[in-house]
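Please open the structure in your viewer and keep the sequence panel beside it, since each stop on this tour begins with a selection. Start with the whole chain in view, and then follow the stops in order.

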Amino acid sequence: MGNQLDRITHLNYSELPTGDPSGIEKDELRVGVAYFFSDEEEDLDERGQPDKYGVKGSGSPGQETPTHHLHHQLVLNETQFSAFRGQECIFSKVSSGPQAGDLSVYSVSALPALCKPGDLLELLYLGPSEHPPPHWAVYVGGGQIIHLHQGQIRQDSLYEAAAGNVGRVVNSWYRFRPLVAELVVQNACGHLGLKSDEICWTNSESFAAWCRFGKREFKAGGELQAAAGTQHQQQYYLKIHLAENKVHTVRFHSLEDLIREKRRIDASGKLRVIKDLAIVDGKE
């Protein structure tokens, strides 16, 4: 039965009415993809699979941080994405082509020397067991982050929250115009202490991205508000880059649904994604 659900998750991209899995929405019904998996509950105590990313190489050491840790650079064999709103590219996590960026990751101990208050961080888990999707946070300085974790917006030490793992600064992945750093930190600090029934974001990435860009589309139900009074609903497209000339495209009616699916794929691992999309394409 589990295998059947796995297949349904990838095959069922028809336009079906879906409510928000976290139960945030009260009276509204959205149109998006049908989800047959449980809502992610991100636990920073969990660790990831070493084969999920497949560390391909460790880089050249760079300058020393104030804590005398080398900037040990890693390149991961991970799923790459780009996302579009209509024909406009709004997100890019690719290592080649015109939208290419640096996807290198660093030890958590090196991150404070690489970022400044207002930066977005993505934390990745490379341990031996099942893991949640990458965790996003806003860096607020002094080795501290503000993030959505276990249904609460909280401030934690970066070193403690992601001890033993790796991360990177991901300011440039979303192509929206960012707010000034002071406002990014203010957005994050202004929501400290909120809990599940008060939160309008369904995952850490949506919260952190909202803090930096201020786009209501990152909020649960925000797409409906943005589309109110318009004749046509905006279309979003997630492109999953599997190989140099192999791209799988999925359509969504909201940015929130696109992010949720991207994070689910991130947690699955590249080899699992290639296998499942081969089933969708009729190759198995």
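Among contacts in the chain between residues at least 6 apart in sequence, what percentage join residues at least 24 apart? In this predicted model, the share of such contacts that join residues at least 24 apart is 65%. While the whole chain is still displayed, colour it by secondary structure, and you will find 8 helices and 14 strands. Of the 284 residues in the chain, 50% are buried.

**Stop one: helix H5**

Select residues 204-213, which form helix H5, and show their side chains; this helix is mostly covered, with 10 of its 10 residues buried. The buried residues include Phe207, Trp210 and Phe213, and also Glu205 and Arg212. Now add Asn203 at the start of H5, where a side-chain oxygen of Asn203 comes to within 3.1 Å of the backbone nitrogen of Glu205. At the other end, select Gly214, the residue that follows H5, and note that its phi is positive, near 70°.

**Stop two: H4 against H5**

Keep H5 on screen and add helix H4, residues 181-189, which packs with H5 at an angle of about 135°, the two axes being 7 Å apart. Because of that angle, H4 is oblique to H5. The crossing of the two helices H4 and H5 is right-handed. To see the contact itself, select Leu183, Val184, Asn187 and Ala188 in H4, which meet Phe207, Trp210, Cys211 and Arg212 in H5. By residue class, this contact of H4 with H5 divides into 6 nonpolar, 1 polar and 1 charged.

Is Asn187, which belongs to helix H4, buried or exposed? Asn187 counts as buried because its relative accessibility is 17%, and the cut-off for buried is under 20%. Leaving aside residues up to four places away in sequence, Asn187 touches Leu179, Trp210 and Cys211.

**Stop three: H5 against H7**

Hide H4 and bring in helix H7, residues 255-268, which packs with H5 at an angle of about 130°, with the axes 10 Å apart. That angle makes H5 oblique to H7. Which residues of H5 meet H7? They are Ser204, Glu205 and Ser206, and their partners in H7 are Ile259, Lys262 and Arg263. The residues of this contact of H5 with H7 divide into 1 nonpolar, 2 polar and 3 charged.

**Stop four: Ile90**

Move to strand S6, residues 88-93, and select Ile90 within that strand. Ile90 is buried, because its relative accessible area is 0%. If you expand the selection to residues that Ile90 touches, leaving out those up to four places away in sequence, you will pick up Ala83, Phe84, Arg85, Trp173, Tyr174, Arg175, Phe176, Tyr236 and Leu255. Then draw a distance from the C-alpha of Ile90 to that of Tyr237: the two residues are 147 residues apart in sequence and 9.8 Å apart in space.

**Stop five: Gln150**

For the last stop, select Gln150, which lies in the loop between strand S10 (144-149) and strand S11 (152-157). Its backbone merits a look, as the phi of Gln150 is near 55°, a positive value in a residue other than glycine. Show the surface here as well: Gln150 counts as partly exposed because its relative accessibility is 40%.

Key. Residues numbered from 1 in each chain as written. Predicted model: local features only at pLDDT ≥ 70, side-chain atom pairs only at ≥ 80, totals over all residues. Heavy atoms only, no water. Buried < 20%, exposed > 50% of the residue type's maximum accessible area, 1.4 Å probe, protein only. Helix = DSSP H or I, 4+ residues; strand = E, 2+ residues; numbered from the N terminus. Polar contact = N/O pair within 3.5 Å; in protein donor to acceptor, adjacent residues only side chain to side chain. Axes fitted to C-alpha atoms, helices over the stretch in contact; angles between N-to-C directions. Parallel < 35°, antiparallel > 145°, perpendicular 65-115°, else oblique. Left-handed = near helix turned anticlockwise from the far one by under 90°. Contact = heavy atoms within 4.5 Å. Nonpolar A, V, L, I, M, F, W, Y, C, P; charged D, E, K, R; others polar.
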